[in-house]
Amino acid sequence: MPGTGTLSHIVALSLAAAWGTEMTSVPYRGGAPALLAVASNEAHLTMAGATQSQPFVVNGQMRGIAVSGPHRLASVPDLPTFRELGWPHPDAGTWQGLLVQGNTPPATVARLETEVKKVLEEPALRTRIAELGGEVRADGAEAFRRRLRADTESLGQVIRTNNIRLDQ
């Protein structure tokens with residue numbers, strides 16, 4: 001896995017619990033080394049973000065099994081979601097977000113939100129992100145806050161259940 005406490009590690013533990021099996025986690029120093037370990041037969045499997053793993057799947061070095069987000073990715077439409085396979089898990093699609101200090105004036109947050117949405121509407125950017133296995137979403141600051149709260153709760157439960165600590 002790309003390291004202890006990463007989203008990949010937490011999702012793998014969640015899946016192992018759902019399957020009623022144990023998984024031995026071998027923490028690597030990031031996603032790239034974990035992917036190279038699988039590609040070179042040093043490790044059996046890894047959980048990795050689409051933008052990092054897609055090239056390995058497309059060129060045949062690895063076989064994708066499923067995606068953890070709520071729906072299939074346009075860039076690899078033949079890969080089912082975990083949910084489609086009947087595997088319960090947290091909705092663990094990775095995301096990127098813009099964060100500012102908590103005391104940033106609401107007018108500044110609104111302006112940033114407007115400008116970021118404009119940039120994310122550019123066709124060339126949307127196309128490139130989709131080619132890399134990503135999906136452009138600009139849901140706004142309140143939706144982002146809800147996502148952070150939901151992820152903190154659902155992923156936090158897996159962390160607490162498995163006693164994951166960064167000093168491991």
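How many nonpolar, polar and charged residues are in the lining of the second largest pocket? Keep that in mind, everyone, and we'll come to it in a few minutes. Hello, and thanks for having me! Please keep the structure in view while I talk, and remember that this is a predicted model.

Let's start with the whole chain. Our chain has six helices and zero strands. If you read along the sequence, the pattern is α-α-α-α-α-α, which is a friendly one to write on the board. As for dimensions, the C-alpha trace spans about 50 × 35 × 30 Å along its principal axes.

Now let's look at how some of these helices meet. Please find helix 1, residues 7-19, and helix 6, residues 141-161. These two pack at an angle of about 70°, and their axes are 10 Å apart. Because of that angle, helix 1 is roughly perpendicular to helix 6. Who makes the contact? From helix 1 we have L7, I10, L13 and S14, and from helix 6 we have L155, V158 and I159. Sorted by class, the residues of this contact are six nonpolar, one polar and no charged.

Next, turn to helix 2, residues 31-39, and helix 3, residues 50-58. Here the packing angle is about 20°, with the axes 10 Å apart. So helix 2 is roughly parallel to helix 3. Their crossing is right-handed. On the helix 2 side, the contact is made by G31, A32, L35, L36 and A39, while helix 3 brings Q52, S53 and F56. In terms of class, the contact of helix 2 with helix 3 has five nonpolar, three polar and no charged residues.

And now, back to the pocket. The second largest pocket holds about 170 Å³ of space. Ten residues line this pocket, and the closest to its centre are T24, V26, A43, H44 and L45. Do try to pick those out on your own screen. And here is what I promised at the start: the lining of the second largest pocket has six nonpolar residues, three polar ones and one charged.

That's my tour, and I'm happy to go back to any part of it. Thank you!

Methods. Residues are numbered from 1 along each chain as its sequence is written. This is a predicted model: local features need pLDDT of at least 70, side-chain atom pairs count only at pLDDT 80 or more; totals for chains, interfaces and linings use all residues. Side-chain values use heavy atoms; hydrogens and water are left out. On a 1 Å grid over the protein atoms alone, a cavity is a set of points where a 1.4 Å probe fits but cannot get out, and a pocket is an open set with protein on both sides within 12 Å along at least five of seven lines; lining residues have an atom within 4 Å of a point. Grid points are joined across faces, edges and corners, and a volume is the space filled by probe spheres set on the points. Ala, Val, Leu, Ile, Met, Phe, Trp, Tyr, Cys and Pro count as nonpolar, Asp, Glu, Lys and Arg as charged, and the others, Gly among them, as polar. Axes are lines fitted to C-alpha atoms, for helices over the stretch in contact, and angles run from 0 to 180 degrees between N-to-C directions. Helices (H or I, at least four residues) and strands (E, at least two) are DSSP runs, numbered from the N terminus. Angles under 35 degrees count as roughly parallel, over 145 as roughly antiparallel, 65 to 115 as roughly perpendicular and the rest as oblique. A crossing is left-handed if the near helix is turned anticlockwise from the far one by less than a right angle, and right-handed if clockwise. Contact means heavy atoms within 4.5 Å.
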